[in-house]
Structure formats: structure tokens, C-alpha cells
Amino acid sequence: MNAPQKKHDSERRRLTAQSLSAVRSGVIVPRYDRGRTQVGIVHFGPGAFHRGHQAWYYDTLLERDPRWAVCGAELRPPGLAKALRPQDCLYVVAELDAQIRYRVVGSLKEILVVPDDAETIFSRLTHPQVKLVTLTVTEKGYCLDGSGALDFRHPDIAHDLADPARPVSAVGWVTEGLARRKAKGLAPFVAMSCDNMVANGEKLHAAVLSFAKACGDKDLTAWIAGEVRFPCTMVDSITPAGDEALKQKVAEAVGVFDDAPVQRESFLQWVVEDILGPDAPDLAGVGASLTGDVKAYELAKLRLLNGAHSTLAYVGLLMGYASVGEAMGDARLAGFVERMMREDIAVSLRKTRGLDFDSYVSDILKRFRNPALTHKLIQIGSDGSQKLPYRILATIADALSAGRPIERLAVSVAAWMRFAVREAKEGRTLNDPLAERLARIGRECTGEAGADVPRFLAVREIFASDLAGDRRFAAAVASAYDRLPKLLPAE
Ligand code: CS2
């Protein structure tokens with residue numbers, strides 16, 4: 001008998017509130033009345049990671065508390081709004097792992113776009129029932145300089161300082177949202193970063209404060225300093241970017257067409273600083289961990305998982321691999337990365353109850369080997385100028401202070417440099433806020449460490465002067481840079 005003819009996406013019914021009843025059995029659908037939910041959270045940057053991670057927790061929470069639906073706010077031109085609005089903002093999360101599971105998530109109640117929907121977004125930010133504003137705008141979305149402070153030279157920050165009532169930056173939006181809330185006599189919302197950054201809440205807090213101060217509003221600055229909570233968080237779930245193949249896979253599995261599905265591993269972790277206050281959603285009740293020591297969890301994750309990811313990305317791309325799975329299939333590369341994690345990174349971390357680094361590393365490597373997910377190295381390799389400092393360079397700086405070896409960690413830095421040079425020489429533009437500058441450097445490079453490495457080390461947004469000036473660091477990177485063309489990382 002012939003296999004059932006695969007339906008083309010355009011032939012399938014679109015995922016909507018009405019077509020929910022038509023999804024295949026076994027697909028999890030919202031177990032609450034979406035019509036009764038209220039927007040209690042505004043989220044800036046409702047991309048795949050938010051929709052597969054925080055919005056998943058909220059979807060579970062809405063089963064017993066209708067106050068926590070999400071208003072998604074897109075700071076960049078509409079990509080998601082165009083796809084999600086015709087679907088009543090419903091979308092599918094495909095958990096692709098040892099178990100395959102599909103869930104239609106309903107916690108995103110609406111999706112608004114800056115600047116078209118600016119006043120509606122402000123009406124949400126100043127509504128009494130909105131208690132939480134969260135962000136996944138990636139590291140570069142905070143407009144910070146190499147020291148982690150707000151970069152007033154950034155064009156978006158300059159724009160918002162000149163016109164704070166029509167912000168384009170995340171920091172500008174949070175600040176103006178708080179200002180309007182204060183003007184209405186309302187208590188502030190909690191502002192929570194859910195991005196991969198060390199001390200993400202502290203950085204957001206400092207950036208918002210310095211922006212309010214630069215606007216000359218002393219009263220607002222004092223109110224933010226005294227009243228507004230900016231919890232730090234650690235977020236974790238491997239969420240490869242979606243593509244047409246994922247849409248096809250989801251359409252066949254679910255029976256309706258979703259134009260913005262999300263794929264991720266089954267592993268999900270959310271560690272939140274326990275300062276949310278009495279009005280916040282009960283995140284602990286849906287599996288998040290509230291703690292006073294986020295720092296230990298965030299450093300372990302950012303250095304072990306993300307540091308290994310970036311190393312696999314740059315060395316793997318130079319070796320011709322396209323995915324984490326392929327790179328991990330190279331025994332020498334996988335072994336090199338495992339030794340780096342166990343011997344060079346774990347030792348830099350503060351021990352904390354409930355965090356066993358040995359098993360944490362083993363679990364991460366198992367997650368990297370998940371055969372059900374294809375995680376592209378080029379996606380992980382993006383924004384290297386923002387990622388390297390907290391994923392690799394901070395570990396190197398700690399090792400230098402403690403007199404520990406840095407040879408393996410230096411390979412990661414050298415591989416990023418070699419990758420930047422290769423992309424420049426071959427005429428491809430890096431996906432990086434410093435792409436133009438790095439391309440210029442790459443084109444000038446000769447392939448010799450003595451000429452090339454100092455050029456990259458001079459980029460202060462990435463390499464702080466004390467690290468760049470440390471002869472041990474420069475020598476280790478130069479040595480790795482010269483050895484890398486063999487593409488077999490050092491033992
Ligand atoms: C990845 C992260 O793209 C990347 O830079 O390293 O998105 C990683 O998948 C997540 O941090 C995992 O929680």
C-alpha cells in the first residue's frame with residue numbers, strides 16, 4: 001500500500017484556536033481556557049528560546065492561575081508577529097530527545113511590534129495586573145560596552161536618550177515603562193533578564209539606572225534604585241533555530257500547520273534569584289528553582305556548557321563540521337573539549353550544594369550528543385565578540401591569577417580568530433555586532449600569529465587591556481593560532 005501522500009503545508013489547516021480540536025491525539029494542548037487568561041507578563045524578544053523556555057513554564061502555570069499570560073513585544077521588525085498573529089499566537093514546541101513530544105503552547109496571548117504598537121505596549125507596561133517584565137534580547141540587546149556598563153555610544157541608546165518617549169532599545173523600554181508606571185502611582189514591575197550573561201539582573205539594573213540618570217530624572221533614578229527588583233537568572237535548554245524542515249516535521253506530527261514552531265531538547269532549567277516579591281507568578285510551583293545563589297549556577301552553566309559550545313563551534317567549523325553532533329562525533333575533538341571542561345573550567349567554579357561538576361559535565365556532553373536535534377555550529381558561533389568574554393576569557397583570567405594552565409582554553413580563542421580570518425578572506429560577513437571591524441582585521445591578517453593575534457587582542461570590547469597585555473595569554477593564543485591549521489587541537 002502506498003505511504004499516505006505527504007500533504008504540502010499550504011494544504012494543511014493552520015494552527016489556530018479553532019483548529020486546536022483537530023490536532024493529532026497525543027499532542028499536548030493548553031489545558032485551560034485561554035479566553036479567561038489575563039496578561040500579567042510583558043516579554044521583550046519573544047523568540048524561540050523564550051517560547052520554548054519561559055513561556056512553557058507559564059503555560060503550565062496558567063492551568064491553575066489565569067493571571068500570567070504573556071504579551072510578547074518585538075523590538076526588531078516583525079518576523080514573529082506576521083507568523084503568530086494568524087495562529088492566535090499559538091505555536092508548537094517540539095521536544096526532540098530520547099522521547100519525542102509535541103505541545104501546543106498557549107501562554108503567548110498577543111504579540112506587539114515596536115514602533116507600530118508602541119502605545120499598546122506602554123498600556124500593558126502600565127497596567128496594574130502586569131507584574132513582571134522579562135527579556136530575551138541576546139547579550140547584544142543590552143547595548144553594553146566591554147566592561148558590562150551601558151554603552152552611550154550605541155546608536156539605540158543615543159536615540160533613546162534623545163527621545164525617551166519613543167524607545168528602540170530594551171533598556172530604553174524598561175526605563176520608560178517604569179517611568180510611566182511611577183507617573184501613574186503604580187508599584188513597579190519586576191524586571192527580569194533571561195539572557196546568557198553573567199549577573200544578568202545586576203547588569204540590567206545598572207544599565208537602567210545609568211540610563212535614567214543620563215535622562216536627568218533624579219526622582220525616577222532614586223525610585224528605580226530603591227523600589228525596583230532586577231533578579232538574576234540562569235536559563236538553560238538547547239534550542240536550535242527552527243527551519244522549513246522543522247515546520248514540515250511538526251505539520252506531519254501535529255496535523256496542522258505552524259509557521260513558527262520551536263524545537264528543543266527535553267532538558268529545561270530555570271534558576272531565579274529569590275527576590276521576586278509577593279505579587280510575582282509562582283515560578284517555583286512549575287519547576288523553576290528560586291535561590292539566593294544564582295551566581296554559582298550561572299557561572300557553571302555559562303562556563304561549562306556555553307564555553308564548551310563555543311569551543312566546539314569554532315574548532316568544529318574550522319574542521320569542516322556543521323553541527324554539534326558532528327563535532328562531538330570526532331573523538332579527538334570531543335575528548336579535547338571534555339578535558340577542557342573537567343580540568344580547566346570546572347576548577348574555576350565555586351563549589352555549591354546541589355552542583356556536582358563531574359556529573360554536570362557528563363550530563364552536558366550527553367545533551368550535546370542528542371541525536372534527535374541538529375544544532376548548527378554557525379548559530380552557536382554567532383556574536384562571538386559578546387560571548388567569548390564570559391564563556392572563555394573570564395575562565396582564562398581566573399586561571400592566570402591562580403597560576404593554572406591555559407593552553408586548551410587558548411585554543412578556543414585562537415580558533416575564533418582563525419574562524420574570523422577565514423570568513424573575512426572568503427568574503428562572508430560574521431553574524432556579530434563587531435562584524436565590520438573584525439572583517440577589516442581578518443582581511444589584514446597574514447596567517448602568522450605574530451602579525452595576526454595582536455590585531456585581535458587590540459579590540460578592547462572583547463579583550464580587556466590587562467588580559468591582552470598578559471604575555472602568558474598572548475603567547476598561549478599565538479601558539480594555538482600557529483598550531484591550529486593542523487585542525488587537530490592540542491592534546
Ligand atoms: C548556545 C546557547 O547559541 C549558543 O550560543 O551556546 O544558545 C545554548 O544552546 C544555550 O545557552 C543552552 O541553554
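Start with the shell around the ligand: by class, this shell has two nonpolar, five polar and four charged residues. The model on screen is predicted.

**Stop 1: the ligand and its surroundings**

Select the ligand, then add N196, D236, S237, K301, L305, N306, H309, H375, I380, K387 and R391, the residues that surround the ligand. Colour the chain by domain next. Domain 1 (9-292) and domain 2 (295-486) each contribute at least three residues to the shell.

Now show helices α10 (294-318) and α15 (384-402), each of which supplies at least two shell residues. Which helix gives the largest share of the shell? That is α10, with four residues.

**Stop 2: polar contacts of the ligand**

Keep the ligand in view and display three side chains in turn. Pick N306, where a side-chain N or O atom is 3.0 Å from an oxygen atom of the ligand. Move on to K387, whose side chain places an N or O atom 2.8 Å from a ligand oxygen. Then select R391; an N or O atom of the R391 side chain is likewise 2.8 Å from an oxygen atom of the ligand. Switch on a surface here: on its own the ligand has 340 Å² of accessible area, and the protein covers 89% of that.

**Stop 3: aromatic rings**

Leave the ligand and select W416, F456, F463 and F473, which form one aromatic cluster. How many aromatic pairs does the model have, counting rings whose centres lie within 6.5 Å? The count comes to eight.

**Stop 4: charges over rings**

Select R367 together with F267. The charged end of R367 sits over the ring of F267, 3.8 Å from the ring centre. For another such arrangement, select R418 and Y481: R418 lies over the face of the Y481 ring, at 3.9 Å from its centre.

**Stop 5: backbone details in two loops**

Most residues other than glycine have a negative phi, and most peptide bonds are trans. The last two selections depart from that pattern.

Go to the loop between β5 (108-113) and α4 (118-125), where P115 is located. Display the backbone from V114 to P115; the peptide bond joining them is cis, with omega near 0°.

Finish in the loop between β6 (132-135) and α5 (155-162), and select T138 there. Is the phi of T138 positive or negative? T138 is not a glycine, yet its phi is positive, at about 60°.

Conventions: Residues are numbered from 1 along each chain as its sequence is written. This is a predicted model: local features need pLDDT of at least 70, side-chain atom pairs count only at pLDDT 80 or more; totals for chains, interfaces and linings use all residues. Side-chain values use heavy atoms; hydrogens and water are left out. A residue is near a molecule or strand if one of its heavy atoms lies within 4 Å of it. A polar contact is a pair of N or O atoms within 3.5 Å; within protein, one must be able to donate a hydrogen and the other to accept it, and residues adjacent in sequence count only if both atoms are side-chain atoms. Accessible areas come from the Shrake-Rupley method with a 1.4 Å probe; for residues, only the protein chains shown count as cover. Ala, Val, Leu, Ile, Met, Phe, Trp, Tyr, Cys and Pro count as nonpolar, Asp, Glu, Lys and Arg as charged, and the others, Gly among them, as polar. Domain bounds come from an automatic or database domain assignment. Rings of Phe, Tyr and Trp (its six-membered ring) pair if their centres lie within 6.5 Å; planes under 30 degrees apart count as stacked, over 60 as edge-to-face and the rest as tilted. A charge sits over a ring if NZ of Lys or CZ of Arg is within 6 Å of the ring centre and within 35 degrees of the ring normal.
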